[in-house]
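Please look over the sequence and the structure shown here before reading on. The notes that accompany them are arranged by topic.

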Amino acid sequence: MTHTGCTKRALIYMSIRAEWQKLVADGELFRLEPLPGDPDERTVLMSPEVNELLTKQMPEGPDANRRSRLLATLQGIVAGRRIVACMTPFEAREAQVGLLDPIDDAVFDIRCQDKPAIRVFCRFLEKDVLFAATYRPRSVSMEWMDWLPLGDRHSKEWKRAIAATKRMWGMFFPAHEPVRGECLRDYLSKATLE
Amino acid sequence: MTTFQKQLLNEIAAGHDGPQIPESKRVYFQQRYRDRLFDFIVSRFETARERGLTKAKLARRIGKSPEVINRWLAAPHNLEADSVSDLLLGIDAEEPEIDAHSVLDRKPVNYRHLDDQREIKVDSSTTNTAHLKHIETGWRI
């Protein structure tokens with residue numbers, strides 16, 4: 001049997017931490033590095049497509065600026081900066097992290113408030129460990145991206161992005177469920193509710 | 001420092017006669033600055049809240065509506081120089097100390113989140129969770 005986590009000794013289970021640490025070590029997932037000198041208090045793991053977004057060569061312009069704000073925001077999460085979060089779908093106004101509908105999917109988006117923005121869709125592997133699965137433009141298309149803007153909160157694009165997040169999770173963590181907490185502190189330290 | 005981080009700092013490290021610092025890199029540091037300022041203000045407020053400060057009291061002290069205080073303490077992009085001054089004054093009778101540090105040659109922090117907390121594995125010879133083994137001695141939960 002060659003399933004991830006199984007050896008000749010037939011270990012039948014890997015903790016989710018062992019799983020993501022192995023995926024990072026194998027180069028299948030990417031761990032976002034903070035700017036040198038910043039603390040390292042949370043973990044943001046990126047799928048290949050999110051990693052590509054943050055590292056690809058890009059001409060100067062509005063899209064590159066959107067990408068820069070997103071990178072700084074994600075690195076701020078790694079650095080343990082305080083986060084304002086909203087745990088009620090459709091009610092986030094200023095929050096940087098919001099739980100999406102349906103809440104049973106345990107999918108969150110990470111937001112940059114400057115418009116036009118990019119939204120990153122993620123799930124929590126553990127408290128303070130996010131898996132950034134995919135991203136979409138919030139309201140304005142980007143030249144180098146095929147995806148349509150998310151648009152209205154009940155749009156098909158929102159549903160597709162959430163489905164893509166769950167699909168990506170299934171690819172990397174088929175044996176594990178995301179964190180489904182009862183309150184914000186089950187997901188994040190140093191965070192307050194909007 | 002990763003290749004990407006080196007690229008990020010390329011033009012910034014080029015000195016006074018170097019090329020223009022691209023807008024996207026300036027935007028990156030603008031966002032960092034906002035986030036750090038927000039983190040600082042909120043941490044100050046949280047500390048003062050433990051000593052009885054509320055948003056309503058703070059609003060009254062600095063002559064703003066509770067809605068304005070809510071907005072300022074809700075997101076990094078809502079803060080400006082004047083609002084930072086008002087908030088620090090109202091939160092704990094403080095004003096900011098101005099200082100700056102180079103973004104170049106910063107040493108990475110040695111500790112990485114969860115690096116000292118390793119995997120747990122279960123031996124297939126048992127399904128009893130009592131047999132969970134901590135593989136590393138640094139386990140800490």
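The briefing below takes up confidence, the sheet of chain A, its core, and the contact between the chains.

This is a predicted model, in which local features need pLDDT of at least 70 and side-chain atom pairs count only at pLDDT 80 or more, whereas totals for chains, interfaces and linings use all residues. Residues are numbered from 1 along each chain as its sequence is written, while chains are lettered from A and ligands numbered from 1 in the order in which they are written. The predictor gives the complex an ipTM of 0.88 and a pTM of 0.86.

**Confidence in chain B**

- The mean pLDDT of chain B (pLDDT being the predictor's confidence in each residue, from 0 to 100) is 83, and 81% of the residues of chain B reach 70 or more.
- Within chain B, confidence is highest in helix α3 (residues 55-61), at a mean of 98, and lowest in strand β2 (residues 133-134), at 36; helices (H or I, at least four residues) and strands (E, at least two) are DSSP runs, numbered from the N terminus.
- Over residues 120-141 of chain B the pLDDT is below 50, although this stretch has 35 contacts in the model beyond near neighbours in sequence; two residues are in contact if their C-beta atoms, placed from the backbone, lie within 7 Å.
- Where pLDDT is low, the predicted coordinates should not be read in detail.

**The sheet of chain A**

- Eight strands of chain A form an open sheet of mixed pairing, in the order β2-β3-β8-β7-β6-β5-β4-β9, where two strands pair if DSSP finds at least two bridges between them.
- The edge strands, each pairing on one side only, are β2 (30-31) and β9 (191-193) of chain A.
- At one edge, β2(A) runs antiparallel to β3(A) and is joined to β3(A) by two bridges, with Arg31(A) standing opposite Leu45(A).
- β3(A) also pairs with β8(A), in the parallel sense and over four bridges, and here Val44(A) stands opposite Leu130(A).
- At the other edge, β4(A) (residues 83-86) runs parallel to β9(A) and is joined to β9(A) by three bridges; Ala85(A) has Leu193(A) as its bridge partner.

**Helices and core of chain A**

- Helix α1(A) (residues 16-25) lies across β2, β3 and β7 of chain A, at about 130° to β7(A), and helix α2(A) (residues 48-55) lies across β2, β3, β7 and β8 of chain A, at about 70° to β8(A); axes are lines fitted to C-alpha atoms, for helices over the stretch in contact, and angles run from 0 to 180 degrees between N-to-C directions.
- Both faces of β3(A) are covered, since Thr43(A) and Leu45(A) on one side and Val44(A) and Met46(A) on the other are all buried, that is, with 20 or more other C-beta atoms within 10 Å of their own, C-beta atoms being placed from the backbone.
- The largest nonpolar core (a set of buried Ala, Val, Leu, Ile, Met, Phe, Trp, Tyr and Cys residues joined through C-beta atoms within 7 Å) has 58 residues, and those touching the most other members are Val44(A), Leu45(A), Val120(A), Cys122(A), Phe131(A) and Ala132(A).
- Leaving aside neighbours within four places in sequence, Ala132(A) is in contact with residues including Val44(A), Leu45(A), Val120(A) and Cys122(A).

**Contact between the chains**

- On the two sides, 36 residues of chain B are in contact with 38 residues of chain A.
- The elements giving two or more residues to the side of chain B that touches chain A are α1 (3-9), α2 (23-49) and β1 (120-122) of chain B, with the largest share, 12 residues, coming from α2(B).

Methods:
Buried ≥ 20, exposed ≤ 12 C-beta atoms within 10 Å, placed from the backbone.
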